[in-house]
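Open the model in your viewer and keep the sequence panel visible. The stops below can be selected one after another.

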Amino acid sequence: MKHRTGFLPAIVFSATAIGFALSCGSSSASRTLTEEPGPEVSATPAKVAAASDAVFDGQKLERSDEEWKKLLTPEQFYILREDGTDYPFKSQYHDNKVKGDYYCTACHLKLFNSATKFDSGTGWPSFWQPVNKKNIVEKEDRSLGDVRTEVECARCGSHLGHVFDDGPEPTGLRYCINGTALKFEKAK
Ligand SMILES: [Zn+2]
């Protein structure tokens, strides 16, 4: 009896493990065959349309505020969807000098590269050029009285920051971007 009581749970465990493995295998196989990847709200932002992240392909990403709230933290929602502004010198990226690319936090479109990043002294990550003009949209912004040029992600319309004409050569531009709007990925 002593042996059997030890033996039975082992059999039960093995059967459970096999059953689990089979159900995982069949479910992923049927998903591959029958379902196409769709714009699932439950997907993390980083998984959205990864194939076309380098250059905006014209396929805009439309989501309701409710959908964005499920995907973004309250801070990210405030910056990206309500035109918020990070506190200066608080961003994890304002002093980042590692080589790599900066992607839109909301939709993972590539926006800036470290080769165009410079220290503007403002406390916000600053770049003199986006990776591609197609990946951003520039809009007139009169919200603070004077006219500024707002920068948005071309794909998802999220607010990124502003662009000014007091940047360094070769463009003379300064893209002043909220770190919260960016997701940095180190060059491989
Ligand atoms: Zn975006």
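Which residues touch the most other members of the largest nonpolar core? Select Cys104, Leu109, Leu111, Cys153 and Ile177, which do so among the 30 residues of that core. A nonpolar core is a set of buried Ala, Val, Leu, Ile, Met, Phe, Trp, Tyr and Cys residues joined through C-beta atoms within 7 Å. Next, colour the elements that give two or more residues to this core: α3 (74-81), β1 (100-104), β2 (110-113), β6 (146-153), β7 (159-164) and β8 (174-177).

This is a predicted model, in which local features need pLDDT of at least 70, side-chain atom pairs count only at pLDDT 80 or more, and totals for chains, interfaces and linings use all residues. Residues are numbered from 1 along each chain as its sequence is written.

Now show the whole chain. It has three helices and nine strands, in the order α-α-α-β-β-β-β-β-β-β-β-β from the N terminus. Helices (H or I, at least four residues) and strands (E, at least two) are DSSP runs, numbered from the N terminus. Of the 188 residues, 29% count as buried, meaning that 20 or more other C-beta atoms, placed from the backbone, lie within 10 Å of the residue's own.

Go back to Leu111. Beyond its neighbours within four places in sequence, its contacts (C-beta atoms, placed from the backbone, within 7 Å) include Tyr102, Pro130, Cys153 and Leu182.

Finally, select residues 136-144, strand β5, together with β6. The two pair in the antiparallel sense over seven bridges; pairing requires at least two DSSP bridges. Glu140 stands opposite Thr149 in β6. One residue lies between the strands of this hairpin, and Gly145 in the turn has a positive phi of about 100°.

Terms used:
A residue is buried if 20 or more other C-beta atoms lie within 10 Å of its own, exposed if 12 or fewer, and partly exposed in between; C-beta atoms are placed from the backbone. Two residues are in contact if their C-beta atoms, placed from the backbone, lie within 7 Å.
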